[in-house]
Amino acid sequence: MSGMPDYSAIEQKIQQILTSPRRPVAIAFLDHVPEGITKFEGSEPSSCSYWRLAAAGRTFYTVPGDHWNCPVGGYTHNTLTAERMPELQQVLTLMSDIGYVRMEEIPGVFHMEQSPAAIVYAPLGEIPVAPSVVLASGKPGRVMMLSEAALRAGAMSSLPLLGRPTCMAIPAAIANGAVTSSGCIGNRVYTDIGDDELYVTLRGADLERIAQEIDTIQTANATLTQYHQQRRHDLSTV
């Protein structure tokens with residue numbers, strides 16, 4: 001961790017503003033297999049399933065084949081081989097047939113430009129390498145404030161609230177800056193995120209600047225809460 005930002009302190013800042021018991025998840029896309037980090041052993045049904053494991057405190061890395069159970073996640077992470085592409089088409093056909101997506105939407109789904117050799121997952125405060133992105137979740141009002149901190153730091157993208165698939169928020173944030181996401185039903189099943197929560201995804205390179213703005217945004221929102229409550233009291237006539 002020598003020479004890297006204090007990710008433990010940044011995690012505390014993010015949890016402070018989100019007030020969520022779920023730890024922010026740091027993800028690092030690498031062009032090599034890392035040393036000194038445990039390789040994931042076993043099987044998970046989706047790429048976002050690894051978020052659940054990391055949020056619970058585990059640090060590990062995956063290789064492309066670990067993402068093949070989820071063709072959509074394999075697409076957004078750019079881990080699918082040519083032999084696996086028909087599986088993606090099958091899933092997309094199912095989603096189209098039931099009215100979940102339109103095929104013309106697919107080209108607009110963000111995906112990684114390069115295929116990673118390995119992907120590291122960890123709670124933000126314990127990430128042993130520089131993260132590419134950090135995923136966090138919380139109630140809409142709390143996600144709003146973290147997004148405002150990113151905006152004040154000049155690290156918020158101009159993208160609208162993203163939807164399905166949730167995992168496209170990762171390449172979207174890497175390319176554009178912080179993004180918010182409403183999530184998708186698959187992600188909610190695989191990660192246990194609540195129906196009352198949204199995601200915010202932060203670019204790793206922006207974390208320090210965003211963390212530095214959190215106190216200012218929290219204080220400003222507290223002040224504005226009192227201001228608007230008083231105006232509502234004073235100006236409401238019904």
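This passage describes the aromatic pairs, the charges placed over rings and two buried residues of a predicted model.

A search of the whole structure finds six aromatic pairs. Among them is the pair formed by Y50 and Y121, which is tilted, with a distance of 5.4 Å from centre to centre and an angle of 40° between the planes. This pair links distant parts of the chain, since Y50 belongs to helix α2 (residues 49-55) and Y121 to strand β3 (residues 118-123), the two being 71 residues apart. Y50 has a relative accessibility of 0% and therefore counts as buried, and Y121, likewise at 0% relative accessibility, is buried as well. Y121 also pairs with F60: the ring centres are 5.5 Å apart and the planes meet at 20°, so this pair is stacked. Because F60 lies in strand β2 (residues 60-62) and Y121 in strand β3, the stacked pair ties together parts of the chain that are 61 residues apart in sequence. Both partners, F60 and Y121, are buried. Taken further, ring pairs link F40, Y50, F60 and Y121 into a cluster.

Charged side chains are also placed over aromatic rings. R58 lies over the face of F60, at 5.4 Å from the ring centre, so that F60, itself a member of the ring cluster, is flanked on a face by an arginine. Elsewhere, R164 lies over the face of Y100, with a distance of 5.0 Å from the ring centre.Two further buried residues were examined through their contacts. L18 is found in helix α1 (residues 7-18) and, with a relative accessibility of 3%, counts as buried because this value falls under the 20% cut-off. Leaving aside neighbours within four places in sequence, L18 is in contact with A136, S137, R142, V143 and L146. For one of these partners, L146, the C-alpha atom is separated from that of L18 by 7.3 Å, although the two residues are 128 residues apart along the chain.

T79, by contrast with the helical position of L18, lies in a loop, namely the one between α3 (71-76) and α4 (85-97). The relative accessibility of T79 is 5%, and T79 therefore counts as buried. When residues up to four places away in sequence are not counted, T79 touches P64, H67, W68, G74 and P116, and of these contacts G74 is a residue of α3, the helix on one side of the loop.

Note on methods
Residues are numbered from 1 along each chain as its sequence is written. This is a predicted model: local features need pLDDT of at least 70, side-chain atom pairs count only at pLDDT 80 or more; totals for chains, interfaces and linings use all residues. Side-chain values use heavy atoms; hydrogens and water are left out. Helices (H or I, at least four residues) and strands (E, at least two) are DSSP runs, numbered from the N terminus. Buried means under 20% relative accessible area, exposed over 50%, partly exposed in between (1.4 Å probe, protein chains only). Contact means heavy atoms within 4.5 Å. Rings of Phe, Tyr and Trp (its six-membered ring) pair if their centres lie within 6.5 Å; planes under 30 degrees apart count as stacked, over 60 as edge-to-face and the rest as tilted. A charge sits over a ring if NZ of Lys or CZ of Arg is within 6 Å of the ring centre and within 35 degrees of the ring normal.
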